[in-house]
Amino acid sequence: MLDKNQIAQRLAKELKDGYYVNLGIGIPTLVANYIPENIKVVLQSENGLLGMGPFPFEGQEDPDLINAGKQTITTVAGSSFFDSAMSFGMIRAGKVDLTILGAMEVSDTGDIANWKIPGKMVKGMGGAMDLVASAKNIIVAMMHTNPKGESKLLPHCVLPLTGIGCVKKIVTDLAVLDITPAGFRLMERAPGVSVKEIIAKTAGRLIVDHEIPEMQL
Amino acid sequence: MEKVYANAAEALNDVFDGATAMFGGFGLCGIPENCIAALVQKGTKNLTCIANNAGVDDFGIGLLLQRKLVRKMISSYVGENAEFERQLLSGELEVELIPQGTLATRCMAAGYGMPAIFTPAGVGTEVAIGKEVRTFNNKEYLLEYAFEADFAFIKAWKGDTEGNLIFKETARNFNPLMAMAGKITIAEVEELVPAGELDPNQVHTPGIYVHRIFKGINYEKRIEQRTVRKLS
């Protein structure tokens, strides 16, 4: 079973040289710590920055320079700033190569729910609906089950949807799965996790049609 | 027409109860601190606020919520505000949540003279309920109308006496878009210079969109999530 940093480490393998990438809040943010040294990716922050750098050193924080999670950040050589319409314009136009975001539920047809729990949480969707409606490559990073042990990979989302038929791949603490027309397709299992356990913890349609290799981190 | 005002109180003199107002900013970054303080001072009631976020309990739009001056909030994310949540759950406050890119682009559309936009954000979700759907190139889009507001409150880094504005870093965010969407746009700036001192090549918002401008004071620029790395 992977911890959050290991999930991020596995996600980093999805990055390719030259990619423009939008990382969501939570586990996806950690992916920035594992970008392979031999490739160059440009991080997009949807509040209006391309070329997001690491957190500032203490004393160097700039209140005018934050990321979409409202954290203080820095720029890198080649960064640019822009307004929120252009930011979502480049997302809508498919210029951003990869979006990694968290989810509460994903269905076996690639629907995603991650913005609202009726009666409990009313924080809003932020940029998530724009991102999932437009990005060409969307990977979800999440735990395989909720704190009650119930599967988050479902036949249909129960919570209000963020987007439909948009997720391409899921990386969880247990497995890597692709979304195919026939449902979730198991591609890799976490070290020490059996295919049997993944089957037991996946509520949606799951295809296991080949020998499942262990993840390489 | 003279655009320069002495301070926020003078610039906001005619803001009326029940007005629809836009507030630039993302989180607490690039928010019009002086305009918000002036609204609190005036006690303008029943505001409809269009802003990406609702501030925190004791800063930003949170200060307006605290005084119960807001009737309706139109935002994309309202996470960090307990008083907001209390008013929402008790029914005192009306809230419309819309996708962030939709919010930005509806403001932009107003400033570009376009009555509506088509966006894929929210297709198949509860955001789409009651909205016209059109298919272009085999993909579905929602029709969303341009936003207009009685007032737009904008924070810029530098401005000149003609109302030209330059924003700083990610404090730009919604500010230039909302500047274009206000029937009356009021900009507060950290530095106000005479016309001719800003390089026209560097202007982000042309003064035609800005009706009033004043030099803001006592900026707190509160940081919501101070995150640093250790010197190793």
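This dialogue goes through the interface, the salt bridges and the cysteines of a predicted model.

User: Which conventions apply to the residue numbers, the chains and the atoms?

Analyst: Residues are numbered from 1 along each chain as its sequence is written, chains are lettered from A and ligands numbered from 1 in the order in which they are written, and side-chain values use heavy atoms, with hydrogens and water left out. Since this is a predicted model, local features need pLDDT of at least 70 and side-chain atom pairs count only at pLDDT 80 or more, whereas totals for chains, interfaces and linings use all residues.

User: How is the area buried between chain B and chain A to be read, and how many residues does the contact take from each?

Analyst: The size of an interface is often given as the accessible area lost when the parts come together. Here the buried area (accessible area, 1.4 Å probe, that two parts lose on being put together, summed over both) is about 4,200 Å², and carbon and sulfur atoms give 60% of it. In chain B, the residues that lose the most area to chain A are Glu169(B), Thr170(B) and Arg229(B), together 17% of what that side buries. The contact, meaning heavy atoms within 4.5 Å, takes 50 residues from chain B and 46 residues from chain A.

User: How many residue pairs are in polar contact across the interface, and which elements of chain B touch chain A?

Analyst: A polar contact is a pair of N or O atoms within 3.5 Å, where within protein one must be able to donate a hydrogen and the other to accept it, and residues adjacent in sequence count only if both atoms are side-chain atoms; the rule finds 24 such residue pairs between chain B and chain A, both residues at pLDDT 80 or more. On the side of chain B that touches chain A, the elements giving two or more residues are α4 (82-90), α5 (100-111) and α6 (175-181) of chain B, where helices are DSSP runs of H or I with at least four residues and strands are runs of E with at least two, numbered from the N terminus. The largest share, six residues, comes from α5(B).

User: What should I look for in the salt bridges, and how many does the structure hold over all chains?

Analyst: Side chains of opposite charge can pair when their charged atoms come close. A salt bridge is a side-chain nitrogen of Lys or Arg within 4 Å of a carboxyl oxygen of Asp or Glu; the structure holds 26 over all chains, and the count between chain B and chain A is four. Across the interface, Asp64(A) meets Lys221(B) at 2.6 Å, N to O. Within chain A, Lys136(A) and Asp97(A) meet at 3.9 Å, N to O, and this pair links distant parts of the chain, 39 residues apart. With buried meaning under 20% relative accessible area, exposed over 50% and partly exposed in between (1.4 Å probe, protein chains only), Lys136(A) is partly exposed at 48%, whereas Asp97(A) is buried at 19%.

User: Why is Cys166(A) in no disulfide?

Analyst: A disulfide is a covalent bond between the sulfur atoms of two cysteines. With a disulfide taken as a pair of cysteine sulfur atoms within 2.5 Å, the count comes to zero over all chains. For Cys166(A), the nearest cysteine sulfur, that of Cys157(A), is 9.1 Å away, and Cys166(A) counts as buried at 6% relative accessibility. The sulfur of Cys49(B) is 12 Å from the closest cysteine sulfur, in Cys35(B), too far for a bond.
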